[in-house]
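Grab a pencil and work through these short exercises with the model open beside you. Try each task before you read its solution.

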Amino acid sequence: MTAGGAPGIGRQMAVGAAWMVLMRLLVRAIGLVSTIILARLLVPEDFGLVALATSIAFAVEVLGQFSFDVALIRDVKAGRDHYDTAWTLAVIRGVLLGLLVAALAYPMSVAFNDARLTSMICIFAGTIALEGFQNVGVVNFRKEMRFGREFMFMVTQKLVSFSVTLTLAVVWREYWALVAGIVAGSVTATVSSYVMHGYRPRFCLREWRALIGFSKWLLVNNMLHFLATRLDVFIIGRWFGAHDLGVYNVSSEIAALPTTELAAPIQRAIYPGMAKIAGDLDRLRQSYLDGISVLLMLAVPAAAGITVLADPIVRTLLGEKWLDAIPLLQILSLHGLIRLGGANATSVLLALGRPKVITKLSALHIALLSPALITGIWLGGLAGAAWAAVSVACAGLVVSYGITLRVLAVSPLRLLRAVWRSWVAAIVMGAPLHALSVWADHAIDFPAVKLLAGIAAGALIYAIVHFLLWWIAGRPRGAESMALDAVAYLRRSAPIATYLAGRT
């Protein structure tokens, strides 16, 4: 970070990440209210059925997912032809893949022995085609590091999706409410992309070679990443059916909250900054260490807390009919905790123009996950599948760290110095939090009270221990100093409304 009045790229990334995380948490609070209501209005089979339909539809969609936005962000010289070509390719891809998904709807319903899948998959085919028409201009929200505008774009579609799902779930009391919410979010994203950004794309294919030349490895990586994240859906859905898949899928979504609600927005904010400083290895190295330290400071206690508080979380948020999710949530939260350790590696490799390495990492993950899942299910059912995911995540973390540290020429000791306080503070937090949870099981009858007490106690213990360790260590540069610096900067900045409008 630079000193002085104007914030440098490092500070922009820190402040941008802070804003995105705070707003993401606000949206997630609304989402949790939605989950609480939906879990009581719908049954696990509804969630499993929709998860299976979306996985089938988007398994085809990912075949053409070139991630041209990543290429546009990385290319500082990208002009109108590049943007128009990216939009044109997205339109062509969306229409063709939408038709392909629709054609596969009936065969897939036969394969999974559920006629309800046909109509759902056809509807999702339409959303795939529609999303291809999204305004490519919104890519500049990230490229120009206007994170307030970027998140307003994301928040709008999420809020509409939540509102439609909740309203229709109350009226219909069936899985179609979930489908309608997904469609509403897709429509909102496309419409708002033109409302929020003045760029108007035109059909053009002049720069297709340049875009595909960089993005071809991202295409393969997106396909592998999809398999890595949805392979369990296909195997569990085929092996156990919609009910067990619903329990597993909802458990996985809750366990992944620290990753989806903290890691994802932080990485989304960090990547554009890393792309700008990719030519300066020293600054990129420090940016990686700063980013991973901030991410782990925020996300590790959340993941650890889910492990300890799984019982009151399920009873409070989902209800008694979801009790089978408790052991799965405890195991899968460990999976999310391990995955956090390798966060930001993708941003580093993309910034350095090495998407091929990411593809190889994803291929390795798939190669390990497939036999691990089958073996785990055979030996231990749903819990075995969850433990299989944990074991593969451990292996992936070791490989990811090895490659990232070698590319950045960072020693393991230097990385350890940047992140050790978060892990130690989480471990210290876990013991008294577990004791409190055991005591609450006998002393408190209301799961919601147990959950709120656990969250408050855990957050307080973690914060005190974390900053105490930082103080003892001599207050080195790291997540703590960056957090304090971001708070100080935000206090000196323009009002929230002005910031979100993009006027500093």
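**Exercise 1.** Work out whether E480 is buried or exposed, then find its polar partners.

*Solution.* Step one: check the accessibility. E480 has 0% relative accessibility, so it counts as buried (buried is under 20% relative accessible area, exposed over 50%, partly exposed in between, using a 1.4 Å probe and protein chains only). Before going on, note that this is a predicted model, where local features need pLDDT of at least 70 and side-chain atom pairs count only at pLDDT 80 or more, while totals for chains, interfaces and linings use all residues. Residues are numbered from 1 along each chain as its sequence is written, and side-chain values use heavy atoms, with hydrogens and water left out.

Step two: place the residue. E480 sits in helix 19, residues 479-492 (helices are DSSP runs of H or I with at least four residues, numbered from the N terminus).

Step three: look for polar contacts (pairs of N or O atoms within 3.5 Å, where within protein one must be able to donate a hydrogen and the other to accept it, and residues adjacent in sequence count only if both atoms are side-chain atoms). The E480 side chain has one with the side chain of R421 at 2.7 Å, and another with the side chain of H466 at 2.9 Å.

Step four: widen the search to any contact (heavy atoms within 4.5 Å). Skipping neighbours within four places in sequence, E480 also touches M297, F467 and W470, among others.

**Exercise 2.** Trace helix 12 and find where its kink is centred.

*Solution.* Start with its span: the 28 residues, 281-308, reach 40 Å from first C-alpha to last, close to the 40 Å expected (that's 1.5 Å times one less than the number of residues). Next, spot the kink of about 30°, centred on L296 (the bend is the angle between axes fitted to the seven residues ending there and the seven starting there). Finally, check the surroundings: 20 of the 28 residues are buried, so helix 12 is largely enclosed by the rest of the structure.

**Exercise 3.** Which residues does V392 touch, beyond those up to four places away in sequence?

*Solution.* First, find V392 in helix 16. Its relative accessible area is 4%, so V392 is buried. Now list the contacts: H365, L368, L369 and A372. To finish, try a distance: S370 is 22 residues from V392 in sequence, and their C-alpha atoms are 9.7 Å apart.

Methods: Helix = DSSP H or I, 4+ residues; strand = E, 2+ residues; numbered from the N terminus.
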